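Trainee: Could you pick one part of this structure and take me through it slowly? I'd like to see how that part fits in with the rest.

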Amino acid sequence: MEHLIIACSDGRLAEPLKRLRATLGIDGADHLLVPGGPLLFVRPGMERRVAMGCITMQIDTGGVRKVVLVSHQDCRAYERALGGLGFDQREILARDLRRVRALVENAFPALDVHCYLIPWRENDGGAAFGDAEPVD
Ligand SMILES: [Zn+2]
């Protein structure tokens, strides 16, 4: 597969990720789904090495050329890792996405890396994930 989507394993993301693939015109993709998604790459030591090893494996065996990093609001893995996300969670998630993009681009210069953030929206109609938004 040409695309590798790295996202949180949270089952509630199935629909938002499906919509993102449709928006990007991605027919099929490889996935790396772990709690927190890109979070794993900003964790120290072993966790990061395992995450980078997964990408290496997926490039070598699957022909990946483009990586799509996806983080989401209301992420329990993030809340647990950071002891709560507070009001600036968008900033924290966007900052980590940029850090992981730089990390992956440095390690794999041939890859094209893009970042997206799935927002959690609460309004009169209830609460749900919105459409993924690009992070520059
Ligand atoms: Zn999550």
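Mentor: Start with helix H5 and look at Glu91, Ala102 and Asn106: these residues are exposed. Keep in mind that we're looking at a predicted model. Now turn to the other side of H5. The buried residues of this helix are Gln89, Leu93, Asp96, Leu97, Val100, Arg101 and Val104. They cover an arc of only 145° around the axis, so they sit on the same side of H5. In short, H5 has buried residues on one side and exposed ones, Glu91, Ala102 and Asn106, on the other.

You can check the length of H5 as well. The helix runs over residues 89-107, which makes 19 residues, and at 1.5 Å a residue it should span 27 Å. Its end C-alpha atoms are 27 Å apart, so the expectation and the model agree.

What do the buried residues of H5 pack against? Two helices are on the list, H2 (39-42) and H3 (46-62), along with the strands S3 (66-72), S4 (112-118) and S7 (133-135). Let's follow a few of those partners.

Take H3 and try the length check again. H3 has 17 residues, so 24 Å is the expected span, and its end C-alpha atoms are indeed 24 Å apart. Just after H3 comes Gly63, with a positive phi of about 75°.

Next is S3, another partner of H5. Look at Lys66, which lies in this strand. Lys66 has 16 C-beta neighbours inside 10 Å, so it counts as partly exposed. Leaving out residues up to four places away in sequence, Lys66 touches Glu2, His3, Leu111 and Asp112. Asp112 is a nice one to find on the screen: it is 46 residues from Lys66 in sequence, yet their C-alpha atoms are 4.6 Å apart in space.

Now compare Val68, also in S3. Is Val68 buried or exposed? It has 22 other C-beta atoms within 10 Å, and the cut-off for buried is 20 or more, so Val68 is buried. Skipping neighbours within four places in sequence, Val68 is in contact with His3, Ile5, His114 and Tyr116. For another distance to try, Val68 and Asp131 are 63 residues apart in sequence and 15 Å apart in space, C-alpha to C-alpha.

His3 has turned up in the contacts of Lys66 and in those of Val68, so follow that clue to S1, because the paired strands come next. S1 and S3 run parallel and are joined by 4 bridges. One pairing to look for is His3 with Lys66 in S3. S1 also runs parallel to strand S2 (residues 30-33), again with 4 bridges, and here Leu4 stands opposite Asp30. Between S1 and S2 comes helix H1 (residues 14-24), and the three make a right-handed β-α-β unit.

How many residues of S1 are buried? The count is 5 of its 5 residues. In a regular strand, side chains alternate between the two faces of the sheet. In S1, His3, Ile5 and Ala7 are on one side and Leu4 and Ile6 on the other, and both sets are buried.

Go back to S3 and step into the loop that leads to helix H4 (76-82), where you'll find Asp74. Most residues other than glycine have a negative phi. Asp74 has a positive phi, near 60°. With 17 C-beta neighbours inside 10 Å, Asp74 counts as partly exposed.

One more stop is the pair S5 (residues 120-123) and S6 (residues 126-129). These strands are antiparallel, with 4 bridges, and form a hairpin with 2 residues between them. Asn123 stands opposite Gly126 there.

Finally, zoom out. The protein has 5 helices and 7 strands, in the order β-α-β-α-α-β-α-α-β-β-β-β along the sequence. Of its 136 residues, 29% count as buried. A compact globule with 136 residues would have a radius of gyration near 14 Å, and the protein has 14 Å, so the two agree. Contacts far along the chain matter for the picture too: among contacts with a separation of 6 or more, 71% are between residues 24 or more positions apart.

Conventions:
Residues are numbered from 1 along each chain as its sequence is written. This is a predicted model: local features need pLDDT of at least 70, side-chain atom pairs count only at pLDDT 80 or more; totals for chains, interfaces and linings use all residues. The expected span of a helix is 1.5 Å times one less than its number of residues. A residue is buried if 20 or more other C-beta atoms lie within 10 Å of its own, exposed if 12 or fewer, and partly exposed in between; C-beta atoms are placed from the backbone. The arc is that of the directions from the helix axis to the C-beta atoms. Two residues are in contact if their C-beta atoms, placed from the backbone, lie within 7 Å. Two strands pair if DSSP finds at least two bridges between them. The radius of gyration is taken over C-alpha atoms; the globule rule is 2.2 Å times the number of residues to the power 0.38. A crossover is right-handed if, with the strands pointing away from the viewer, the path from the first strand over the helix to the second runs clockwise.
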